[in-house]
Amino acid sequence: MLGGDALTALAGPLRASRGLAAKRDIGLIAARLGLSAATAVPVGDDCAAIPDGDGYLLFAIEGFMNEFVAGDPWFAGWCGVMVNISDVAAMGGRPLAVVDAVWSDGEERAVPVLQGLRDASERFGVPLVGGHTNIRTDRGQLSVAILGRAKRLLTSFDARPGEVLVAAIDLRGRYREPFSNWEAATDAPAARLKGDLELLPQIAEVGLARAAKDISQGGIIGTAAMLAECSGVGLVIDVGTIPRPEGVALERWLLTFPSYGYLLSVAPREVATVVETFAARGIAASAVGEVTSERRVSITDGATRETIWDFARSPLILGTAA
């Protein structure tokens, strides 16, 4: 147990984090574009889910911070493929293909980014089918888009009060310093990567969960806030129950972007099965909180609570107060 003072000290950096602020920027842009959770294809999920026959096409894109592309270009290229695949899996889907847009100051500077893209494409077994290249610019930049398909969706809009928040994270890795990226994929064999990602569509298709989100740049707390807002619910997260690598400070971990990490909202009767599904493949998973009707995201140490985001006071990604 952290104790009240320690929990308060932990809450401050979480509220002020760059990742959480970046999530709020989504709402500003969505409002300018006239997009919301009420549009024909709801905005706020990891991918746009477009009805198609007896399933859904999944369409998503990721852009990367310039300092990340400059500081670790091969890994930026790898992440271009990996994080898009994770977005598709988070919605219960399987990836079909990716395209990329690469800018650089000359051919030589583009090489490590392109190699990272190619290496990840081959390891995950998802083809690169084209894109856009400009090697006559003044800096390196990268964005990557993906197309996938789902038979049955996991969404950000279907968490319900009374459900349990489950976190599943691959702890078999290390930090990719100096960034807060927990890297557990580049050394993993292709068969393991593909099998681990297959768990999400399997969970969706047998009905073990309806709501999920992959843990992104906002870390566990930022991702949880996005899930809660889209579903119109609240979350109380017990920070002491979150799977965490040994020796990693809790504050840093709560703001970390893991290469394999998901939050799922699960009916109480299905929690044990979901946890065991991940554990069977060596992925740490546990119940970490409860879904409430309070419309705020809070952390607890089991005795005291601190509110991280109150949707009644301010929206996060949806642009208008609920």
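Which residues of S12 are buried on one side, and which on the other? The points below take up this strand and then the rest of the structure, which is a predicted model.

1. Strand S12 covers residues 261-266, and six of its six residues are buried, so the strand is largely enclosed by the rest of the structure. Gly261, Leu263 and Ser265 are buried on one side of S12, while Tyr262, Leu264 and Val266 are buried on the other; both faces are thus covered.

2. The pairing of S12 may be read next. S6 and S12 run antiparallel and are joined by six bridges, with Ala168 standing opposite Tyr262 of S12. S9 also runs antiparallel to S12, and four bridges join these two strands. Here Ser265 in S12 is the bridge partner of Ala211.

3. The nonpolar interior deserves attention. The largest nonpolar core has 58 residues, and Phe124, Leu142, Leu264 and Phe278 have the most contacts inside it. Helix H4, which spans residues 73-90, gives the most to this core, contributing 11 residues. A second, separate core has 41 residues, including Ala167, Leu254, Val291 and Val297. Leu264 therefore appears both among the residues with the most contacts in the largest core and among the buried residues of S12.

4. Leu142 and Ser143 can be considered together. Leaving aside residues up to four places away in sequence, Leu142 touches Glu62, Gly63, Phe64, Val69, Ala76, Gly77, Ala101, Val102, Trp103, Val113 and Leu117. Ser143 has its place in strand S5 and, at 17% relative accessibility, counts as buried. With the same sequence neighbours left out, that is, residues up to four places away, Ser143 touches Glu62, Gly63, Val99, Asp100, Ala101 and Trp103.

5. A hairpin is formed by S1 and S2, with two residues between the strands, and Gly53 in this hairpin takes a positive phi near 60°. Strand S1 (residues 48-52) and strand S2 (residues 55-63) pair in the antiparallel sense over five bridges. Ala49 stands opposite Leu58 in S2.

6. On the surface, a nonpolar patch is formed by Ile50, Phe59, Leu96 and Leu147, which together have about 330 Å² of accessible area. One of these residues, Leu96, lies in strand S3 (residues 93-105). Its relative accessibility is 41%, and Leu96 therefore counts as partly exposed.

7. Another element is an open sheet of three strands in the order S7-S8-S11, with mixed pairing. S7 and strand S11 (257-258) are its edge strands, each pairing on one side only. S8 and S11 run parallel and are joined by two bridges. Trp182 stands opposite Pro258 in S11.

8. Side chains of opposite charge can pair when their charged atoms come close. A search of the whole structure finds 22 salt bridges. Among them is the pair of Asp158 and Arg160, whose closest N and O atoms are 3.4 Å apart. Asp158 is partly exposed, at 23% relative accessible area, and Arg160 is likewise partly exposed, at 33% relative accessibility.

9. Another salt bridge joins the side chains of Glu163 and Arg210, at 3.1 Å from N to O. This pair links distant parts of the chain, 47 residues apart: Glu163 is in the loop between strand S5 (136-150) and strand S6 (164-169), and Arg210 is in the loop between helix H6 (190-205) and strand S9 (211-214). Glu163 is buried, with a relative accessible area of 10%, whereas Arg210 is partly exposed, with a relative accessible area of 40%.

10. Arg174 and Asp187 also meet through their side chains in a salt bridge, at 3.4 Å from N to O. Distant parts of the chain are linked here as well, with the two residues 13 residues apart: Arg174 is in strand S7 (residues 174-175), and Asp187 is in the loop between strand S8 (181-183) and H6. Arg174 counts as partly exposed at 36% relative accessibility, while Asp187 is exposed, with a relative accessible area of 62%.

11. Finally, a network of salt bridges links Asp170, Arg172, Arg192, Asp196 and Arg281.

Technical notes: Residues are numbered from 1 along each chain as its sequence is written. This is a predicted model: local features need pLDDT of at least 70, side-chain atom pairs count only at pLDDT 80 or more; totals for chains, interfaces and linings use all residues. Side-chain values use heavy atoms; hydrogens and water are left out. A nonpolar core is a set of buried Ala, Val, Leu, Ile, Met, Phe, Trp, Tyr and Cys residues joined through side-chain atoms within 4.5 Å. Buried means under 20% relative accessible area, exposed over 50%, partly exposed in between (1.4 Å probe, protein chains only). Contact means heavy atoms within 4.5 Å. Patches are made of residues with over 30% relative accessible area and no salt bridge: like charges are joined within 9 Å, nonpolar side chains (Val, Leu, Ile, Met, Phe, Trp, Tyr) within 5 Å. Accessible areas come from the Shrake-Rupley method with a 1.4 Å probe; for residues, only the protein chains shown count as cover. A salt bridge is a side-chain nitrogen of Lys or Arg within 4 Å of a carboxyl oxygen of Asp or Glu. Two strands pair if DSSP finds at least two bridges between them.
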